[in-house]
Amino acid sequence: MKIEWRNPARWAGLCQGGWHHARKFAHGVRDIVYPPGCATCGLPIAEGGALCSSCWRSVRFIERPFCEVLGLPFNYDPGAGMISAQAIADPPPFDRLRAVAAHDGAVRDLVHRLKYGDRTDLAPMMAHWMLRAGRDALAEADAIVPVPLHRWRLFSRQYNQSAELGRALARLSGKPMVSGALMRVKRTQKQVGLTAKGRADNVRGAFKVLERRRSEVLGRRLVLIDDVYTTGATVKAATRALKRAGATDVTVLTFAMAIAGTIST
């Protein structure tokens, strides 16, 4: 085969294709040496990228009825379009929140493995679940925006778990992912261990939309992606930055949500 050395695009395409086939071969060898296992406990299963029956039973999916704004599950069905007292008393800057499941059991393990265990291979499976949870919002969205990491955090971790989920969701939904327009301009400390007020103070002013990329946000309906929703401080701060830049609608879509149980109206 004659390689066009003076054509960088052609050469890059050949290299990318070679790496793709190399990865497929490596994954095939891995599956032979190490049979597929449950994504959380490692128990052998028929196909990779799934959970065993025991881990599956630990997943508490968030299904309707739930608050149409905060996505919190109700303990009974109050009727269509019901909003929780929490959302009325303290309206969030985002338009709605959707999450796959409660942040416990196998779901918590998946979040930790993706975020801290270098298990970016879990993102496609998790994104499939998120596609179902955010189906309506994604159908109406113009673009997907992952919550960004500060450049120093990204340098130390080498990847952004929210961007991994967003990239997989973009492939599944056919929606473009806008990365690099929303920036984390403040180097914050880790949110783990902070109080709700401490978390809010920590991320205040942490996000900004770059002026030169404002057109990617202005007048658009966006789905903001993060791995887990706890107090909501991070996605609220990110939403405010997007709204200041002219976003007309922001849906927060996360894989997990920290909830104590169901709520009443």
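Which residues touch the most other members of the largest nonpolar core? Select Leu-70, Phe-94, Leu-182, Phe-207, Leu-224, Leu-242 and Met-257, which do so within a core of 38 residues. A nonpolar core here is a set of buried Ala, Val, Leu, Ile, Met, Phe, Trp, Tyr and Cys residues joined through side-chain atoms within 4.5 Å. Buried means under 20% relative accessible area, exposed over 50%, and partly exposed in between, with a 1.4 Å probe and protein chains only.

Before you go on, note that this is a predicted model, where local features need pLDDT of at least 70, side-chain atom pairs count only at pLDDT 80 or more, and totals for chains, interfaces and linings use all residues. Residues are numbered from 1 along each chain as its sequence is written, and side-chain values use heavy atoms, with hydrogens and water left out.

**Around the largest core**

Now color by secondary structure: the protein chain has 10 helices and 6 strands. These are DSSP runs numbered from the N terminus, helices being H or I of at least four residues and strands E of at least two. Strand 1 (96-102), strand 2 (143-146), strand 4 (207-209), strand 5 (221-229), helix 10 (233-244) and strand 6 (249-257) each supply at least two residues of the core. Helix 10 gives the largest share, 6 residues.

Next, center on Phe-207. Beyond its neighbours within four places in sequence, Phe-207 is in contact (heavy atoms within 4.5 Å) with residues including Leu-182, Val-185, Ala-237 and Ala-241. A second, separate core of 34 residues includes Leu-110, Leu-122, Leu-169 and Val-223.

**Helix 4 against helix 5**

Show residues 105-116 (helix 4) and 123-133 (helix 5): their axes come within 11 Å and cross at roughly 130 degrees. Axes are lines fitted to C-alpha atoms, for helices over the stretch in contact, and angles run from 0 to 180 degrees between N-to-C directions. The two helices are therefore oblique to each other; angles under 35 degrees count as roughly parallel, over 145 as roughly antiparallel, 65 to 115 as roughly perpendicular and the rest as oblique.

Add side chains to see Leu-110, Val-111 and Leu-114 of helix 4 meeting Ala-123, Met-125, Met-126 and Trp-129 of helix 5.

**Last stop: Phe-255**

Select Phe-255 in strand 6. Phe-255 counts as buried because its relative accessibility is 0%. Setting aside neighbours within four places in sequence, its contacts include Leu-110, Val-111, Met-126 and Trp-129. Finally, draw a C-alpha to C-alpha distance to His-103: Phe-255 and His-103 are 152 residues apart in sequence and 8.5 Å apart in space.
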